[in-house]
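Biologist: Hey, I've just opened this one and don't know my way around yet. Could you walk me through a few spots?

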Amino acid sequence: MMHMEIRNLCLVALMLAIVPNASAQSIPFADDENERGYFDRPYLRYEAEPGKCETTGTFAEPSYDQRNIQSEASNQVAVQLVARNAYVRWTSDRAADGLTIRFSLPDDPEGKGTTGNFTLYVEGDSVQAISLNSYWAWQYFLISGSKYPDNTPDEETKFPRMRFDEVHVKLESEIPANATFRLVKADDNDVPYTIDFVELEEIPEPVTFESITDENKILYTPADGSLPYFVSQHKGKTIFLPEGKYEVDGRIIISGDGTKIIGAGMWHTEIYFTASSDDRSTYNQRGIETYSDNVVLEGLYLNTINNKRYYNNDPVYQVGKGLMGSFGANSCIRDLWIEHFECGGWIEGADALAIQYCRFRNNYADGMNLANGCVNSVVEHSSFRNNGDDDMASWSRADGMCENNVYRYCISENNWRASGLGFFGGKQNKAHNIVIIDPMEAGFRVTCDFPGMPFSNDGYSEFFHISVHKGGVAGGIVGIGGDLWGNQQGALHINSSSQYDLQNIHIDNIDFYDSKNDAIFIGSTTHSIKNLIFKDIHINRTGRYGIYFYNTRGSGSYCNMQYENIGASSNTNTVPSSFTFTEHCGGVSVPDNQSPVIRLFALDGNLHIMGQQNKMVSVYDIWGRKRYQASLPGGPIIVPNLNAGIYIVSWDADQTMKVLVN
């Protein structure tokens, strides 16, 4: 197979996109028709918003003020049911027997959550009781101090995030197509029960042991003893877990090549990790770990008693990821639902790992990080939601270069810390056909914030066909605005910060909608930017600039930048003299280390030109009038006293570049 392909034997499930009909009350995603994001997801979304449901409750008005719970809701709107028998109601567009509710209940004073009850009515008939619990929600950050969350409230010294969680319920009877269904508050109290949205889907029939054709299969039941021990004793086997909930008090370690753990489906087979994360002796006893090759995990829901990021709020004591280890070579993870872990997955050293049709939701840190030496791996057709660090990430930490990894056809929603997509160092990694919606901070980021292997000068890291809705954040008072430190973040945040140069980044065909502050932030701290390329960028509606330059050093180029409804008086602020930002539509720019023929930058109304000695250079204004012509002396020349605007620099008869002079 070609190098760009994933070399493993896992079968890719064929799944049909669900497209609502024209009169649907479910909500299509704007990017589905372009096959961006998890467009072939099996569920339909029903929003608790004006015009999209009926309710006797109260709609929380849209707000980005982080003190308001709706700042974490989709579209910053949710419905609150306070009185007993208050309800929210929709009409189903398709038959379904799987219901997911994104909700918020208040926390209790000790951070252990509160409970509440709904009754589900279908066509006016009471059909099922549904219990909610905010035990896993509500994380708190110090206003002044550490920015790692804990789950102990203190209104004087802390502010909350992760105020929502989800419950998914396998319904006892199907909701028919075109039927009304409503959630009714069943408790007699004045506590607000907040509903953001629900999702409905048809649950596939459970996989059975008999339907598995692998002759190497073996059936597990609780009578066989602990699941971790059973797995350790059946290396290389296909271990089947029938429908049911399996409580496990230790980490599952797979230590044999070719081992498979197959469940009846993510709606049918649950592994629930019960070891306390409040106990020093058991805090990290959860998740599935392997360094073996050709491992397969399929058809499982992984959940845990854990409700925090770290034991004792200390990053040394990490409470366990859903997935960890390297997964060796040619392994496959598909049809997994993972929530309430420190991270959904943190993989180091994988080769040709495929992750498909998964849901990484409601975790306290990253959704998935292909880190430290992962190569040739793909994460695709998956949902990331309500995670407390980068949803989709690749960090070339330590001495492990991450190379040729891809995130594609995935959606990030309601990320409450860091970004929906983050790359930190690496070589020829890619993200494409991604949708990012309602992040509290950056939409996606490419930075040099963390130690490890730098961005390679061999090839490009590429980001293309990506949509970011309501990304970024303006600086503000901690707990009210800004990121966790009160700082600004761009919907796309690019920063050559503390560790190494940011180089060879190609960003193409990106759409930014309703950016809360700047759509694109390009900054430098102690290092420089080299060969940053933008092409076909569409920015529509911003709180401030389309592009904001902050102390930026180095070089970049652009082609076809489109700005609409920009909040500031200009599309960009002034380009710093230390940064060369030129229009170049003739293909990929030549990297800085290959000595381009002509280099340009503007400073205080003067245009600086550098290039080969005796090269004849002409400068024209936007109307084609020649403003300057000279033969380069070998050093820089200065074209003085230019009015603000775009100028065209020409050499070698047919070579041109555009430059913006502020």
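Biologist: Which residues line the second largest cavity?
Modeller: Keep in mind that this is a predicted model. The lining is made up of Gly426, Lys427, Gln428, Phe455, Ser456, Asp458, Gly459, Tyr460, Ser461, Gln503 and Asn504.

Biologist: And what is the volume of the second largest cavity?
Modeller: About 30 Å³. Its lining has 7 polar residues, 2 nonpolar and 2 charged.

Biologist: How many cavities of 30 Å³ or more does the structure hold?
Modeller: There are 2 of them. The largest has about 40 Å³ of space in it.

Biologist: Which residues line the largest cavity?
Modeller: Phe29, Asp31, Asp32, Arg36, Tyr38, Arg41, Ile411 and Val435. By class, that lining splits into 4 nonpolar and 4 charged residues, with no polar ones.

Biologist: Switching topic: how many disulfides does the count come to?
Modeller: Just 1 disulfide. Cys559 and Cys585 form it, with their sulfur atoms 2.1 Å apart.

Biologist: Where do Cys559 and Cys585 lie?
Modeller: Cys559 is in strand β40 (residues 554-564), while Cys585 is in the loop between β41 (579-583) and β42 (598-603), so the disulfide ties together parts that are 26 residues apart in sequence.

Biologist: Is that disulfide right-handed or left-handed, and why?
Modeller: It's right-handed, because the torsion about the S-S bond of Cys559 and Cys585 is about 110 degrees.

Biologist: Is Cys559 buried or exposed?
Modeller: Cys559 is buried, because its relative accessibility is 10% and the cut-off for buried is under 20%. Cys585 is partly exposed, at 48% relative accessible area.

Biologist: What about Cys374, then: how far away is the nearest cysteine sulfur?
Modeller: That sulfur belongs to Cys402 and is 5.5 Å away, and Cys374 is in no disulfide. A disulfide needs the sulfur atoms within 2.5 Å. Cys374 is also buried, with a relative accessible area of 0%.

Biologist: OK, on to the strands. How many strands form the open sheet, and in what order?
Modeller: 11 strands, with parallel pairing, in the order β17-β20-β22-β24-β27-β29-β31-β33-β35-β37-β39.

Biologist: Which strands stand at the edges?
Modeller: β17 (252-254) and β39 (547-550). Each has a single partner strand, so one side of each is left without a neighbour in the sheet. On average, neighbouring strands of this sheet are turned by 15 degrees against each other, ignoring direction.

Biologist: How many bridges join β37 to β39?
Modeller: 4 bridges, with strand β37 (residues 520-524) running parallel to β39. Look for Ile520, which stands opposite Ile547 in β39.

Notes
Residues are numbered from 1 along each chain as its sequence is written. This is a predicted model: local features need pLDDT of at least 70, side-chain atom pairs count only at pLDDT 80 or more; totals for chains, interfaces and linings use all residues. Side-chain values use heavy atoms; hydrogens and water are left out. Helices (H or I, at least four residues) and strands (E, at least two) are DSSP runs, numbered from the N terminus. Buried means under 20% relative accessible area, exposed over 50%, partly exposed in between (1.4 Å probe, protein chains only). Two strands pair if DSSP finds at least two bridges between them. Axes are lines fitted to C-alpha atoms, for helices over the stretch in contact, and angles run from 0 to 180 degrees between N-to-C directions. On a 1 Å grid over the protein atoms alone, a cavity is a set of points where a 1.4 Å probe fits but cannot get out, and a pocket is an open set with protein on both sides within 12 Å along at least five of seven lines; lining residues have an atom within 4 Å of a point. Grid points are joined across faces, edges and corners, and a volume is the space filled by probe spheres set on the points. Ala, Val, Leu, Ile, Met, Phe, Trp, Tyr, Cys and Pro count as nonpolar, Asp, Glu, Lys and Arg as charged, and the others, Gly among them, as polar.
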